[in-house]
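Work through the exercises below with the sequence and the model side by side. Try each task on your own before you read its solution.

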Amino acid sequence: MGEIEDGEADHITTDVQGQKCTLVCECTAPESVNGKDNLPFLNAVLKNPVCKLYRFPTSDNKWMRIREQMSESILSFHIPKELISLHIKEDLCRNQELKELGELSPHWDNLRKNVLTHCDQMVNMYQDILTELSKETGSSFKSSSSKGEKTLEFVPINLHLQRMHVHSPHLKDALYDVITVGAPAAHFQGFKNGGLRKLLHRFEMERRNTGYQFIYYSPENTAKAKEVLSNINQLQPLIATHADLLLNSASQHSPDSLKNSLKMLSEKTELFVHAFKDQLVRSALLALYTARPGGVLKKPPSPKNSTEESCPQDPPAPMRRQDSIPHHSDYDEEEWDRVWANVGKSLNCIIAMVDRLIERDGSNEGGGGGSQDGEKDPSLVDPIITHPREDWYEQLYPLIRTLKDCMGEVVSRAKQSLTFVLLQELAHSLPQGLMLTLRRDIVFSQALAGLVCGFIIKLHTSLHDPGFLQQLHTVGLIVQYEGLLSTYSDEIGMLEDMAVGISDLKKVAFKIIEAKSNDVLPVITGRREHYVVEVKLPARMFEALPLQIKEGQLLHVYPVLFNVGINEQQTLAERFGDVSLQESINQENFELLKEYYTAFMEKMPPDYTSHFQEQNDLKGLLENLHQNIQAKKRKNVEIMWLAATICRKLNGIRFTCCKSAKDRTSMSVTLEQCSILRDEHQLHKDFFIRALDCMRSRQTQGALSESDDPETGCLTDNKPTSRHFYPVALLLVSSHLLVVWLILSLALLLAKYQ
């Protein structure tokens, strides 16, 4: 792919500091790695590619050809719109559940009204933002000049793919992708009080010290309540569907179908029952009871359980819906145990009945009416012989009805009690809690847009690599973020936002499905604590996937962030400030990277991991990375290089981020590209600096005018951002110049006052 695709680009020679490097003018033909069938899928992610072709000498005096491509991503706006729509749906559902809590005492009722007022305002805000985003046309990315706009808060800054395709004379062609994006952060809200990492910690401390008017639930319990509510909403309709299928099999008098339907019903019902084993539900029921008007706790003697017998003829009696939550003095602490256990006992009754029906059917077909039939009770056998289909259905229908009633009773109680738990979280520190949720949603939206883009690009380029596909469904993918933010001033808050946003990506799983139409844009489902991104593949690409992936197995990602500030503000932070935030982030994420490496070596086949141990020596790279993190060296860029190398060795997805994904990001990406050419493709040692200057030189842009630069806000149709080619020649000496400037300024001040 190092050739001129269309044959129309002219060779030019640029003089960079007196040295000449051959390159080809820009071309706009997109790169196709796996054939034309993949283009619709690739075009769903990328837009407006700008390509450059270079030619550099190798160590044996031959020529390598490099194609450098930069593309915008359509997902910059698509993913935020999907996510905001999901948040609106989730919040509307939560608000409705709060309204359905029933009668509460005046204190709690006033809190609920206050919460609903603020929640409705937040939903309206999300709806307004979604409306404004839907109006956006033209550019498919957000420039850095727009990072402070409220309507674009959820959109990532300068999200682009930077791809280098190397065609060398001796080695196999290779692709190197880096996703570049501005650090996920809430710029419109500002960083006066810090970022998410600090704000969430402070908020949790305040909650722990809350007054009498609230009930404190830990973040783990709140997350558990949301998880159980989500499981309820998913499992209840599934159980009802499988119960209906069981009745349908009974009406058809099909033993095999009956067994299969019963198996599915049993599995889903067991998951349903297991969801309520947590002590949280019991304590939440009690808390809700005390919040009712006139609630008085008592524990009467346990009445006889009418469902103790598991005989199919004596199923548990359904509870009355209007008494789903206990009121006043008739509350029984042990009643929940009985109601919850009724679901399992109802299922046992159904299983026993199905076994009996199948056993009778088998004996009738094999016995032929001999002496064995005489031993059976005619009242049990004759109806089946006379009316086989009607009898099976009629005997199972009351049991299915009882199961649904008991399940509905459990759902009603659990939903209201767990919603009461969520009320405590929302009621505290209004509107601070909701504003924190908004900030976290904004940062997560920016991070998720980049992640989905990177995942789709990685899937596209590695679709025909069996080892990668096995790794994808066996271990998951490592996603490595290279942060270049300083730990000084506002960038501390940006780094705190970024750290939380990237950590939240652990909640994301991917699912690959077959595209049924030309629309191959990804779809997001789930809730704030658990998202599933459905990636659509054309039929031919989908058929190439392993069976586990085609059957819908969830594919997980493991995000890690390593940050090293490199600008002049970092010099100030290291000499006069505090870099502990950067150090703690790097140490925490090293442990996550180490855990992924351990899982990778344990789960992947030995024949696949052997070349990692022998050739790449990943273990040695990890040890070297750990030593560099512990060394606490100033501006230790070795951390970035080692983390990036480990990520590439592990087939991971690479990201590079700074404040706006321009100067620092471009310097890092071009340095990484030239280092790869030197270390992996035998770039001539005398041409390393020349190649680096050639890639960074603005002359390679074909002398873009200011009006052609997207960062100024004026876009042309075929030229996306040119930020990776900005010259920043003073990066290595900027810290020294800063020191000189400080000394001269101090001397001038002393001279002035003397």
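**Exercise 1: Space inside the model**

About 50 Å³ of space lies in the largest cavity. The model is a predicted one, in which local features need pLDDT of at least 70 and side-chain atom pairs count only at pLDDT 80 or more, while totals for chains, interfaces and linings use all residues. Residues are numbered from 1 along each chain as its sequence is written, and side-chain values use heavy atoms, with hydrogens and water left out.

Task: Find which residues line the largest cavity, and state which element gives the most to this lining.

Solution. Begin with the term itself: on a 1 Å grid over the protein atoms alone, a cavity is a set of points where a 1.4 Å probe fits but cannot get out, and lining residues have an atom within 4 Å of a point. Grid points are joined across faces, edges and corners, and a volume is the space filled by probe spheres set on the points. The structure holds 4 cavities of 30 Å³ or more. Around the largest cavity, the lining consists of D91, R94, M122, Y126, L434, T437, D441 and R528. The elements that supply two or more residues to this lining are α2 (75–99), α3 (106–135) and α12 (432–461), and α12 gives the most, with 3 residues. Helices (H or I, at least four residues) and strands (E, at least two) are DSSP runs, numbered from the N terminus. Sorted by type, the lining has 3 nonpolar, 1 polar and 4 charged residues, where Ala, Val, Leu, Ile, Met, Phe, Trp, Tyr, Cys and Pro count as nonpolar, Asp, Glu, Lys and Arg as charged, and the others, Gly among them, as polar.

**Exercise 2: Strands around β10**

Task: Describe how strand β10 pairs with β9 and with β8, and find which residues stand opposite E534.

Solution. Two strands pair if DSSP finds at least two bridges between them. First take β9 (residues 523–527) and β10 (residues 530–537), which run antiparallel and are joined by 5 bridges. These two strands form a hairpin with 2 residues between them, and R527 stands opposite H530 in β10. Next take β8 (residues 508–514), which pairs with β10 in the parallel sense over 7 bridges. E534 in β10 then has V523 opposite it, and K511 also stands opposite E534. Finally, look at the cover: 6 of the 8 residues of β10 are buried, and the strand is mostly covered. Here buried means under 20% relative accessible area, exposed over 50%, and partly exposed in between (1.4 Å probe, protein chains only).

**Exercise 3: Buried or exposed helices**

Task: Decide why helix α23 can be called largely enclosed by the rest of the structure, and then examine S346 and P219.

Solution. Helix α23 (residues 688–696) is largely enclosed by the rest of the structure because 7 of its 9 residues are buried. The buried residues in α23 are F688, A691, L692, D693, C694, M695 and R696. Turning to helix α8 (residues 335–367), we find S346 there, and S346 is buried, with a relative accessible area of 1%. The C-alpha atoms of S346 and L399 are separated by 6.8 Å, although the two residues are 53 residues apart along the chain. P219, by contrast, is found in helix α5 (residues 219–251) and is partly exposed, with a relative accessible area of 36%. P219 and E425 are 206 residues apart in sequence, and 8.8 Å separates them from C-alpha to C-alpha.

**Exercise 4: Two loop residues with positive phi**

Task: Locate N651 and A661, and state for each whether the residue is buried or exposed.

Solution. As background, most residues other than glycine have a negative phi. N651, which is not a glycine, nevertheless has a positive phi of about 60 degrees. N651 is found in the loop between α21 (638–649) and β12 (653–658), and at 16% relative accessibility N651 counts as buried. A661 is also a residue other than glycine with a positive phi, near 60 degrees. A661 is found in the loop between β12 and α22 (663–680), and A661 is buried, with a relative accessible area of 0%.

Notes:
On a 1 Å grid over the protein atoms alone, a cavity is a set of points where a 1.4 Å probe fits but cannot get out, and a pocket is an open set with protein on both sides within 12 Å along at least five of seven lines; lining residues have an atom within 4 Å of a point.
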